[in-house]
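Work through the exercises below with the sequence and the structure at hand. Try each task before reading its solution.

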Amino acid sequence: MFQQYERVPKHYVLEKTSSPPVPALNLLSAGRNYDEQCHFSFEALRPNVFRTTFTTAKHSLPPHPSARRPEPTLGSVTPEIITDIDRCSQIIKLGQLKAVVNWSNTPVISLYLDGQLKPLHRDLDFRSYALDGSGVSHYMAYKMNSLHVGLGEKAAPMNLSGRGFSITASDTFGYDAYRTDPLYKHIPLLINVTPEGCVGIFSTSHSRGTWNIGSEIDGMWGHFKVYRQAHGGLEEYLIVGKTVADVVRSYAELVGFPLLAPRYMMGYIGGGMKYTMEDSPRACDSVLNFIRNSEIHGMPCSAFQMSSGYTVAETEPKTRNVFTWNRHRFPDPRAFTRECHRHGVRLLANVKPYVLANHPEYPELSRSGAFFKDPNTSATAVTRLWSAGGGESGEGSHLDFTSKAGYNWWYKGVKALKEVGIDAMWNDNNEYNIPSDDWQCALETVTVPPGETRKHIGLWGRALNTELNGKSSHDATVKVEPEVRPFVLTRSATAGTMRYCASSWSGDNVTSWEGMKGANALALNAGFSLLQCYGHDIGGFEGPQPTPELLVRWIQLGIHSPRFAINCYKTNPDDNLVGEVIEPWQYPSVEPIVREAIRRRYELVPYTYSLMLKSHREAVPPQRWTGWGYESDPTVWTEELLKGDTQYWFGDSLLVAGVYEPGVSNARVYLPAKSKEDPGFLNLSAPYQYLEAGKWHDITSTWHSSIPVLARIGSAIPTGKPTPTTCVAATDPEFPGLEKDDYRGVEIFPPPLVQLPHWPNESGHATPASAPAETETWFRNSWLEDDGQSPAHKADVCTISVAYRVSGPGIRVAVALEKEGQFEPLWLGNGVTVVLPVGEERAVVLQDGLSGDLRDLGRDERGRRIWKVGVVVKGLEDGE
């Protein structure tokens, strides 16, 4: 991308236009011959989604786009189209949205929302769409001092404004969370978020590119942002919304909503390279010892990530050979998986989409065309690949998933792993760091557009193979267990990859306080980009062992994220092969603190899993920027909160902050407000104080107690047992020891007995500080549940609603469950245990007019008052 051959076509003429109901226009630029003529199109596909293309005969549309063009539908919106040929302009009005296209020089698109005088988005005059050698560029006006988010996964801070990024993926072992670029994802979605509205720009190309977001300044062109694509023509979608939530949901409707992860992935996920690398004791025994130790220490894991040591050859050269088993370390794979399952632990097998030259199947794979071709040699393309210990490499080849031989070999390998009891695939090292754009693809498993003869990976995209790698793993998993929810964990990703992979993580991070802090910003941008079952390797994958204080702080933070895993490969000059691991019980002085944190992680599984169900249905990320839903609060737009590295929402109920320096016992946290009437927050740790919304607060957070976790007043958190459970009534002979999910609590957070002066009562007037809090307003919350393991399209979901209000000396509560199908939670017959905050002594009473089970259960082990409340059940036949 350093070479530049930019040419800006102009002198466009209107080639054709359309009439309602599908607004669209097509422009054709002047050119000396057909190859130089540029085609530009603009069409409305939804009331808030537009598609633009910019192509020539040599710059065709992306041959395998990461999203397919949907059929246009404008619903109830009737478009108004005004075309002025003399002024070379067209205005398209769609409800509150107006798009203006002017082609008096180069095509310039301007987007307006709600009658605004200034556009939310505008292309750069005289330079908007340019040809650049084999690729294209798209120049746009840059809004200074505004928020830009997305691009899949980029180094902190969260706000991408003023920086430049490579749109490609790389194996960034030991990266810097604030400086390294690129990282692991290739997702060219950029969203400009402002209080006035938001615009997302998404390119469907798998080709490499760059996004410069105000990082380039030119005296003539001023401040601008530019997307440059190395190969092919441009296909972009412009997505407009009043809020970023609107844009993210519309983006999901285009590329696909996040897949639903199985419920067991909400627990503690163990791992570490060392366990599968050991010869004495054998690796199978090391893994089982870890599982037994986790039970002994009261920190049970739900799943274990089996690193690639199980594939290391038994004889020299001892390299990693994907889809092979080291029979010394694992003499009987099925017996091993069965024993892990007996302890209730699922297994994720690490698989890498390349084959080293000494792999026993390499010659046949090469002969059958499973690898890319090097045009310089007319033979299999060869490069250096990670082979054994840290930093060690050997020659080998990347699998070409556009070849039938490569795709099918991988598919069969995944099936074989599933058939010996591996539960899920861990697609690792799938960034496709290929050294040449000229390597040739077979193009046998993809649809080739008519007339397209080019096969080089520069055009088709390295990232295309990441997507097809996910598809092959997913489809093979479904083939073996069609009635079980498939799960594929992927390190690299495109927009299309996540149609096959339900989860990802931030890759090979480093043990450091700064790395822990920066990871928050990575997670927020991942969530904007639909990577919503996302997390980090807690404690750091690479680098030194964390101190006890850092480990505790990281675990306290990590349990409040969609994915909670401790996995690492800590090599050093004296140990470059096996490495060290992080075990949550490794420091006796802090073991009780860690144990309580992991128990809390399991208690929160109903809450966390409900967030994943909402993500799957509505594209709402579980982990969110502080301003998500609070755009009216001016403080959320300040620089400190736009960094996104110190605090975030975990669902609707919990605002989570961290402590990011050693020896620090307090944290500065901002509590957002939707209005002056916002009831505020409750600190869930001592001293359990109520805190005003719309203000910064210094919160005491000693590391032996907790990081700041603040519950929103009026919210509710469903909880379960502090151990792994199953939602299925029948005993599974493969997992005989799993406890049943037959308990459900719900933590509620009513306004306190004594009103704070800034809190209004139902009349809107301030209440004296000594008056009891009483309001006619009901606080209403709900969460979702299913059986946690059926394929998402077959899983019946039920919605549990809890409503409560303060009523004199009591707290009125009502709980109802509405079924969408046959599924009923195992806890339903036991009712719901309502858990009041520490220090809350008012009694729980039933909603007026309701009769049913209500029992005072006394106090739990934390001293909180608890009440058993019956549940009103509604089925589909009951109607609304």
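In which strand does Gln647 lie? Gln647 lies in strand E36, residues 647–650. Helices (H or I, at least four residues) and strands (E, at least two) are DSSP runs, numbered from the N terminus. The model is predicted: local features need pLDDT of at least 70, side-chain atom pairs count only at pLDDT 80 or more, and totals for chains, interfaces and linings use all residues. Residues are numbered from 1 along each chain as its sequence is written, and side-chain values use heavy atoms, with hydrogens and water left out.

**Exercise 1.** Describe the surroundings of Gln647.

Step 1. Buried means under 20% relative accessible area, exposed over 50%, partly exposed in between (1.4 Å probe, protein chains only). Gln647 has 3% relative accessibility, so it counts as buried.

Step 2. A polar contact is a pair of N or O atoms within 3.5 Å; within protein, one must be able to donate a hydrogen and the other to accept it, and residues adjacent in sequence count only if both atoms are side-chain atoms. The side chain of Gln647 makes such a contact with the side chain of Thr626, at 3.2 Å. The Gln647 side chain also reaches the backbone oxygen of Tyr670, at 2.8 Å.

Step 3. Contact means heavy atoms within 4.5 Å. Beyond four places in sequence, the contacts of Gln647 include Leu641, Tyr660 and Trp696.

**Exercise 2.** Check the length of helix H6 and find what its buried residues pack against.

Step 1. The expected span of a helix is 1.5 Å times one less than its number of residues. For the 16 residues of H6 (404–419) this gives 22 Å, and the end C-alpha atoms are 22 Å apart, which agrees.

Step 2. The buried residues of H6 include Tyr407, Trp410, Val414 and Leu417.

Step 3. Among the elements that the buried residues of H6 pack against are helix H5 (362–368) and helix H8 (462–480).

Step 4. Just after H6, Gly421 has a positive phi of about 105°.

**Exercise 3.** Decide whether Cys340 and Cys501 are in a disulfide.

Step 1. A disulfide is a pair of cysteine sulfur atoms within 2.5 Å. A search of the whole structure finds 0 disulfides.

Step 2. For Cys340, the nearest cysteine sulfur is that of Cys301, 8.7 Å away. Cys340 is buried, with a relative accessible area of 0%.

Step 3. For Cys501, the nearest cysteine sulfur is that of Cys533, 12 Å away. Cys501 counts as buried at 1% relative accessibility.
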